[in-house]
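Welcome! Take a moment to look over the sequence and the model, and then we can walk through some of what can be seen there.

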Amino acid sequence: MAPVVAQIALENQNTFAVAKLNIKNARQTLQKYPIRQTPTYMVFQDGKLVGNFRGVIPKAQLLQSILNVIEVE
């Protein structure tokens with residue numbers, strides 16, 4: 001999934017930002033946002049969690065899921 005996420009990030013860099021978090025080094029984040037499955041995609045807007053998707057998702061579906069939960073100006 002990493003190449004797909006990287007491609008989505010590159011193709012949409014003017015619309016939203018993508019960040020990757022290694023959960024092995026993020027205990028504090030895991031306490032706030034429990035991860036029960038990998039991969040997990042969390043979408044934040046204005047500091048608030050607005051979307052949460054899990055599992056292997058086709059590129060078009062993942063992109064559409066992100067766009068469905070964010071407000072694009």
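## Two helices that meet

Helix 1 and helix 3 are oblique to each other. This is a predicted model, and in it helix 1 covers residues 2–11 while helix 3 covers residues 59–69. The two pack at an angle of about 50 degrees, which counts as oblique because it falls outside the ranges for roughly parallel (under 35), roughly perpendicular (65 to 115) and roughly antiparallel (over 145). Their axes are 10 Å apart, and the crossing of helix 1 past helix 3 is right-handed.

Which residues make the contact? From helix 1 come Val4, Val5, Gln7, Ile8 and Glu11, and they meet Lys59, Leu62 and Leu63 of helix 3. Sorted by class, this contact holds five nonpolar residues, two charged ones and one polar one.

## An aromatic pair

How many aromatic pairs does a search of the whole structure find? The search turns up one. Its partners are Tyr33 and Phe44, arranged edge-to-face, with 5.3 Å from centre to centre and 80 degrees between the planes.

Tyr33 sits in the loop between helix 2 (27–32) and strand 1 (40–45), and Phe44 belongs to strand 1, so the pair ties together parts that are eleven residues apart in sequence.

## Buried or partly exposed?

The two aromatic partners can also be described by their accessibility. Tyr33 has a relative accessibility of 19% and therefore counts as buried, the cut-off being under 20%. Phe44, at 40%, counts as partly exposed.

Definitions and conventions: Residues numbered from 1 in each chain as written. Predicted model: local features only at pLDDT ≥ 70, side-chain atom pairs only at ≥ 80, totals over all residues. Heavy atoms only, no water. Phe/Tyr/Trp six-rings, centres within 6.5 Å; stacked < 30°, edge-to-face > 60°. Helix = DSSP H or I, 4+ residues; strand = E, 2+ residues; numbered from the N terminus. Buried < 20%, exposed > 50% of the residue type's maximum accessible area, 1.4 Å probe, protein only. Axes fitted to C-alpha atoms, helices over the stretch in contact; angles between N-to-C directions. Left-handed = near helix turned anticlockwise from the far one by under 90°. Contact = heavy atoms within 4.5 Å. Nonpolar A, V, L, I, M, F, W, Y, C, P; charged D, E, K, R; others polar.
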